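Subject: Structure handover

Hello,

Here is the structure I promised to pass on. Please open it alongside this note. My findings follow below.

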Amino acid sequence: MNAVAHIRQFAWPDYDGVIEVWKSAGRDVLPRAELAAKLVRDPQLFLVAERDATLAGVVLGTFDGRRGWILRLAVDPAHRRRGIASRLVRELETRFATLGCPRVNLLVMPDNVEALRFWQALGYLPLPDVLCSKPISASIAPSCGCGQRL
Ligand SMILES: CC(C)(COP(=O)(O)OP(=O)(O)OC[C@H]1O[C@@H](n2cnc3c(N)ncnc32)[C@H](O)[C@@H]1OP(=O)(O)O)[C@@H](O)C(=O)NCCC(=O)NCCS
């Protein structure tokens, strides 16, 4: 089979498949607890792509009421250059628009040339801003999983 990917909202039975996609693409895995906390806010912004009954791609959107963020986009290497990431992002953009979100941001490592080409193909342009980050102290937020940068 060589089916067109089906884009839909994440459901918990997808979790193991999502982990496999993130690992296959060299991305950090979001722990269950962190994901559960995110899904309380905007579950419709966590999307998966299924192709040939296999989980082939994933993207995580968040909306804070002012800006949208796109995180953890990944497509399994066996399913790349078939438009799966483009379709995931376009569906996410539609959902951001439905929420009234006027602008979406994302972060790309400067040496991730393939991803930069992908994002520019979709109209996402680099800005000169420098990312600053600080983990919130364990004494303030004991359950904060701050090992991962983003
Ligand atoms: C970046 C990534 C998500 C793209 O997934 P994909 O499903 O293959 O992307 P698409 O098929 O939708 O590509 C759309 C367009 O983006 C550009 N593009 C995508 N991958 C590219 C690559 N490796 N090199 C150059 N351009 C690329 C092309 O213009 C492509 O159109 P074309 O195939 O008609 O030439 C995938 O390569 C991936 O998972 N990479 C590892 C994880 C990662 O870096 N994620 C993004 C972090 S910000």
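The ligand takes up the space of the largest pocket. Keep in mind that this is a predicted model.

The pocket first. It holds about 2000 Å³ of space. Two or more lining residues come from each of β4, α3, β5 (104-106) and α4. In total, 46 residues line the largest pocket. L106, L107, V108, A115 and W119 are the ones nearest its centre. Sorted by class, the lining has 26 nonpolar, 12 charged and 8 polar residues.

Now the ligand. There are 20 residues around it. The ones that come nearest are V75, R81, G83, S86 and N112. By class, this shell has 11 nonpolar, 6 charged and 3 polar residues.

Which elements each supply at least two residues of the shell around the ligand? They are β4 (68-75), α3 (84-98) and α4 (113-121). Of these, α4 gives the most, with 6 residues.

Three backbone contacts to the ligand are worth a look on screen:

- L73: a polar backbone atom is 2.9 Å from a nitrogen atom of the ligand.
- R82: a backbone N or O atom lies 3.3 Å from an oxygen atom of the ligand.
- G83: a polar backbone atom is 2.8 Å from an oxygen atom of the ligand.

How much of the ligand does the protein bury? Taken alone, the ligand exposes 920 Å², and the protein buries 78% of that.

To recap: the ligand occupies the largest pocket. In the shell around the ligand, α4 is the main contributor. G83 is among the residues that come nearest to the ligand, and its backbone also makes one of the listed contacts, at 2.8 Å.

Best wishes

How values were computed
Residues are numbered from 1 along each chain as its sequence is written. This is a predicted model: local features need pLDDT of at least 70, side-chain atom pairs count only at pLDDT 80 or more; totals for chains, interfaces and linings use all residues. Side-chain values use heavy atoms; hydrogens and water are left out. A residue is near a molecule or strand if one of its heavy atoms lies within 4 Å of it. A polar contact is a pair of N or O atoms within 3.5 Å; within protein, one must be able to donate a hydrogen and the other to accept it, and residues adjacent in sequence count only if both atoms are side-chain atoms. Accessible areas come from the Shrake-Rupley method with a 1.4 Å probe; for residues, only the protein chains shown count as cover. On a 1 Å grid over the protein atoms alone, a cavity is a set of points where a 1.4 Å probe fits but cannot get out, and a pocket is an open set with protein on both sides within 12 Å along at least five of seven lines; lining residues have an atom within 4 Å of a point. A molecule sits in a cavity or pocket if more than half of its atoms lie within 2 Å of its grid points. Helices (H or I, at least four residues) and strands (E, at least two) are DSSP runs, numbered from the N terminus. Ala, Val, Leu, Ile, Met, Phe, Trp, Tyr, Cys and Pro count as nonpolar, Asp, Glu, Lys and Arg as charged, and the others, Gly among them, as polar. Grid points are joined across faces, edges and corners, and a volume is the space filled by probe spheres set on the points.
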